[in-house]
Amino acid sequence: MKSFIYSLTLPELQEWMQQNGEKAFRAGQVFDWLYVKRVGSFAEMTNLSKALREKLDASFSMDALREITRQVSQDGTVKFLFSLHDGHAIETVIMRHNYGNSICVTTQVGCRIGCTFCASTLGGLKRNLEAGEIVAQVLTAQKALDPEGQRASHVVVMGIGEPFENYDALLSFLRIINDKKGLNIGQRHITVSTSGIVPYIYRFADEKMQVNLAISLHAPNAEIRTRLMPVNRRYPMDELMRACEYYIKTTGRRLTFEYGLFGGVNDQPGHAEELAELLDGMLCHVNLIPVNYVPERNYVRTARNDIFKFLRILQAKGINATIRREHGSDIAAACGQLRAQHAKQT
Ligand code: SF4
């Protein structure tokens, strides 16, 4: 099978050019065709020689994703279901914000982390995505935005999968979408979310990138976290918090903690106080997430008043916190729902 052209960083493509007897600057031209002019075939790259176009075509594929369905919400959220070359299905979402369009990408087919509130982990991990399959999600979303004259300005790596379990592809992906000759998405406009794979939090901190990091915390203490996220047994909360401190100290960047509110589990006033104590003095922001009902799981939604009560307790204790706005609640927008529906149908 040919590899995906979208998996190559600009330096890697420059190297390929040189190995194939071409000038390195040709790589920049290819990047321009792929990510700025956004053509769909090598044949359209008309400032390259016919011989080079044929060589590229013989070596690389541009068919990373095939669209199965596209749902558009009343609030403008777009949810894509894509099929990969081996028939697996993945999801990508465009979310509209007042500051721009944010693309939520998937990094793995399925997931082995086993969060007990998540439909995407039910079938386990099938495989890692290649960097090009992640890049192609952003590129396809950008192509969908082109007719509106809009830009994919932000990226959140929060779709299906644990990005730190596909680390090398993740880093290539970040470099490719950030490249000024390509999609040129600023590092500060990109957020990677992890379930808390401790060794990679240290490694990511040492990359010294300007990319934002979010930790799915979802609990104020180890007992509740283990119940919601069994990964807490492997990477206990005290180790996780030490890694978070290291990240903040090394990068000087504010960390985001994602906190999904599950009725009766982690959403009581006492939990808010415990959380405030845990995060006291940390350079961080808490993102409270009213969870969508997931048919396969039994967690119930926290009442709106209780969500605000939780927020006010955190804020009163000096913790920087907000409630995440919901997107596309009239379509199957919760992580994994569209894919799960598709799997049932097929
Ligand atoms: S929430 Fe994310 S990390 Fe947890 S099981 Fe689902 S996809 Fe995996």
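**Domains, core and ligand shell of a predicted model**

N184 counts as partly exposed because 13 other C-beta atoms lie within 10 Å of its own, where 20 or more would make a residue buried and 12 or fewer exposed. The model is a predicted one. N184 sits in the loop that runs between α5 and β10, and its phi is near 55°, a positive value in a residue other than glycine.

H218 also has a positive phi, near 60°, and is likewise not a glycine. Its place is the loop between β11 (212-216) and α7 (222-228). H218 is buried, since 25 other C-beta atoms lie within 10 Å.

The loop of N184 leads back to helix α5. This helix covers residues 167-178, and its 12 residues should span 16 Å at 1.5 Å a residue; the C-alpha atoms at its ends are 16 Å apart, so the two values agree. The buried residues in α5 are A169, L170, S172, F173, L174, I176, I177 and N178. Among the elements that cover them are β8 (125-128), α4 (131-145), β9 (152-157) and β10 (190-194).

Two of the buried residues of α5, F173 and I177, recur in the largest nonpolar core. That core holds 93 residues, and those with the most contacts inside it are I103, V135, V138, V155, F173, I177 and V286. Helix α4 supplies the largest share of this core, with eight residues. The core takes at least three residues from each of domain 1 (3-61) and domain 2 (66-345). For V286, once neighbours within four places in sequence are left aside, the contacts are F257, Y259, L279, L314, I319, N320 and A321.

The two domains are those of the domain assignment of the protein chain. Their centres, taken over C-alpha atoms, are separated by 32 Å. Across the boundary, 11 residues of domain 1 are in contact with 16 residues of domain 2. On the domain 1 side, helix α2 (residues 25-36) gives the most, with four residues. By class, that side has six nonpolar, three polar and two charged residues.

The ligand remains. Which residues surround the ligand? They are C111, I113, G114, C115, C118, S120, T121, I160, G161, E162 and S195. By class, this shell divides into five nonpolar, five polar and one charged residue.

Methods
Residues numbered from 1 in each chain as written. Predicted model: local features only at pLDDT ≥ 70, side-chain atom pairs only at ≥ 80, totals over all residues. Near = placed C-beta within 6 Å. Nonpolar A, V, L, I, M, F, W, Y, C, P; charged D, E, K, R; others polar. Expected span 1.5 Å × (residues − 1). Contact = placed C-beta atoms within 7 Å. Core = buried A, V, L, I, M, F, W, Y, C linked by C-beta atoms within 7 Å. Domains from an automatic or database assignment.
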